[in-house]
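Trainee: Hey, could you walk me through this one? I'd like to start with one spot and work outward.

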Amino acid sequence: MSTLSTSESVRSDSSVPFDAPVFELHRGGKMGISATVPLRDRFDLSLAYTPGVAEVCTAIAERPELAAEFTWKSNTVAVVTDGTAVLGLGDIGPLAALPVMEGKAVLFKQFGGVDAVPICLDCTGVDEIVETVVRLAPAFGGINLEDISAPRCFEIEARLRERLDIPVFHDDQHGTAIVLLAALRNAAKVTGRTLGDLRAVISGAGAAGVAIAKILVEAGIGDVAVADSKGIVDVTREDLTPIKRELASLTNKAGLTGSLESALAGADVFVGVSAGNVPEDAVATMAENCIIAAMANPDPEIHPDVARKYAAVVATGRSDFPNQVNNVLAFPGVFAGALSVRASQITESMKLAAADALAAVVADELSPECVIPSPFDPRVAPAVTAAVAQAAREAGVARA
């Protein structure tokens with residue numbers, strides 16, 4: 001019988017470099033649980049566990065709202081996925097998604113001071129996911145949905161929002177939309193315009209594309225059209241899903257039809273949230289001083305070197321180029337703000353407030369290479385947290 005460990009056996013049969021830095025960093029996982037109270041002696045134990053804990057349990061049973069004060073619920077989020085749309089990896093399943101969910105939890109803590117727990121579900125049905133999350137929800141102050149493929153993600157979020165009285169937030173949709181809106185507001189300023197002066201074209205009608213289009217409309221963009229793999233999403237198409245029919249009714253005031261490339265002619269903004277590639281000759285037809293946010297990873301729809309030939313401002317989803325549209329700029333502060341006032345939901349006004357606060361962080365430092373803060377800018381999370389908390393109060397969804 002072999003005496004090799006499982007990891008050694010795998011290593012001997014694989015070309016994967018398990019001793020590489022990225023694997024060493026992940027060995028044993030990226031997070032753990034630590035106690036926030038001392039357990040030094042029998043007295044401490046009697047308070048933290050039996051018999052003392054019974055008094056707290058009884059009080060919560062009589063007044064459920066006390067759970068927010070006497071448990072971790074008030075500052076803890078469940079990061080929930082089914083592993084069907086993980087980063088740029090696609091449907092790799094819940095187990096392979098766990099490193100990403102651990103990473104998300106670490107980001108929540110590092111950038112927002114929020115505790116988060118990865119929950120990887122071994123089911124993909126809408127009903128199964130909704131029922132499972134509803135049953136898990138009592139232990140958490142919020143639900144962050146992550147890497148769930150479209151169009152199921154829209155229904156899952158909507159149904160959970162209806163059934164739960166805590167914030168439910170699909171970060172692939174709304175985190176991306178918040179950060180993109182902030183970047184676009186500042187990019188417009190850099191080019192001497194306002195959001196209302198811009199006509200945008202979005203490549204991709206999945207979770208991020210739909211959310212970006214909706215928040216841009218809500219924020220007052222001049223016009224925005226969305227393209228899927230079959231061309232511009234417009235009301236004359238007969239092949240649209242219910243989500244895309246709704247999208248068509250909200251967007252494309254110009255009534256554009258046809259291909260993405262044709263819609264780019266004269267456009268002020270390109271937003272890429274797809275895996276496609278936009279030919280340079282189409283990019284060349286965009287308006288003078290255009291703005292390009294090509295956010296596909298690892299390969300942007302328009303390479304920054306090409307984009308810079310034609311655009312005044314270029315953003316990507318990558319950390320090795322300026323103006324990275326990174327969701328970590330939004331979700332820690334959004335949840336921190338919502339949890340701080342025990343918000344029952346995250347409203348559209350709270351998302352807009354987050355985008356405005358994020359844009360304002362670098363308002364005095366704007367340049368073509370700086371329309372969005374760095375994820376490591378210490379001003380980001382406090383600014384977003386405060387803005388979201390205030391917007392929750394104004395929306396009447398704060399309970400503290």
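Trainee: Let's begin with F169. Is it buried or exposed?
Mentor: F169 is buried, with a relative accessible area of 1%. Keep in mind that this is a predicted model.

Trainee: What does F169 form an aromatic pair with?
Mentor: Its partner is F335, and the pair is edge-to-face. The ring centres are 5.7 Å apart, with 80 degrees between the planes. Angles over 60 degrees count as edge-to-face, so that's the label this pair gets.

Trainee: And where do F169 and F335 sit in the chain?
Mentor: F169 is in strand 4 (residues 168-170), while F335 belongs to helix 15 (residues 331-340). They're 166 residues apart, so the pair links distant parts of the chain.

Trainee: Is F335 buried or exposed?
Mentor: Buried, with a relative accessible area of 0% for F335.

Trainee: Which residues form the aromatic cluster?
Mentor: F108, F169, F331 and F335 form one cluster. Across the whole structure, a search finds 6 aromatic pairs.

Trainee: What lies over the face of F331?
Mentor: That's K104, at 3.9 Å from the ring centre.

Trainee: Switching to charges. How many salt bridges are there?
Mentor: The count comes to 25. One of them is between R163 and E131, whose closest N and O atoms are 2.5 Å apart. That pair also links distant parts of the chain: R163 is in helix 8 (residues 152-163) and E131 is in helix 7 (residues 126-136), 32 residues apart.

Trainee: How accessible is each of R163 and E131?
Mentor: R163 is partly exposed, with a relative accessible area of 44%. E131 counts as partly exposed too, at 26%.

Trainee: Got another one for me?
Mentor: Sure, try E24 and R27, which form a salt bridge with their closest N and O atoms 3.1 Å apart. E24 is partly exposed at 39% relative accessibility, and R27 is partly exposed at 42%.

Trainee: What about K230, which residue does its side chain meet in a salt bridge?
Mentor: K230 meets D239, at 3.6 Å from N to O. K230 is exposed, with a relative accessible area of 62%, whereas D239 is partly exposed at 37%. There's a network here as well: salt bridges that share partners join D228, K230, R237, D239 and K244.

Trainee: OK, new topic: sheets. What's the strand order in the open sheet of 6 strands?
Mentor: The order is 7-6-5-8-9-10, and the pairing is mixed. The edges are strand 7 (231-232) and strand 10 (311-316), each of which pairs on one side only.

Trainee: Remind me what holds paired strands together?
Mentor: Strands of a sheet pair through backbone hydrogen bonds, and they can run parallel or antiparallel.

Trainee: So in which sense do strand 5 and strand 6 pair?
Mentor: Strand 5 (residues 199-203) and strand 6 (residues 223-228) pair in the parallel sense, over 5 bridges. If you look at R199, you'll find it opposite D223 in strand 6.

Trainee: Any odd backbone spots I should look at?
Mentor: Look at two prolines. The peptide bond from A150 to P151 is cis, with omega near 0 degrees, and P151 is in the loop between strand 3 (142-145) and helix 8. Another cis peptide bond joins N297 and P298, where omega is about 0 degrees. P298 is in the loop between strand 9 (290-294) and helix 14 (304-310).

Trainee: What about N252, what's its phi?
Mentor: N252 has a positive phi of about 60 degrees, although it is not a glycine. It lies in the loop between helix 11 (242-250) and helix 12 (260-263). At 8% relative accessibility, N252 counts as buried, because the cut-off for buried is under 20%.

Trainee: And R342?
Mentor: R342 has a positive phi as well, about 50 degrees, and it is not a glycine. You'll find R342 in the loop between helix 15 and helix 16 (348-361). R342 counts as partly exposed, at 28% relative accessibility.

Trainee: Last one: which residues form the nonpolar patch on the surface?
Mentor: V16, V22 and F23, with about 220 Å² of accessible area together. V22 lies in helix 2 (residues 21-26).

Notes
Residues numbered from 1 in each chain as written. Predicted model: local features only at pLDDT ≥ 70, side-chain atom pairs only at ≥ 80, totals over all residues. Heavy atoms only, no water. Phe/Tyr/Trp six-rings, centres within 6.5 Å; stacked < 30°, edge-to-face > 60°. Helix = DSSP H or I, 4+ residues; strand = E, 2+ residues; numbered from the N terminus. Buried < 20%, exposed > 50% of the residue type's maximum accessible area, 1.4 Å probe, protein only. Lys NZ or Arg CZ within 6 Å of the ring centre and 35° of its normal. Patch = residues over 30% accessible without salt bridge, like charges linked within 9 Å, V, L, I, M, F, W, Y side chains within 5 Å. Areas by Shrake-Rupley, 256 points an atom, 1.4 Å probe, with all protein chains shown as cover. Salt bridge = Lys/Arg side-chain N within 4 Å of Asp/Glu carboxyl O. Pairing = 2+ DSSP bridges.
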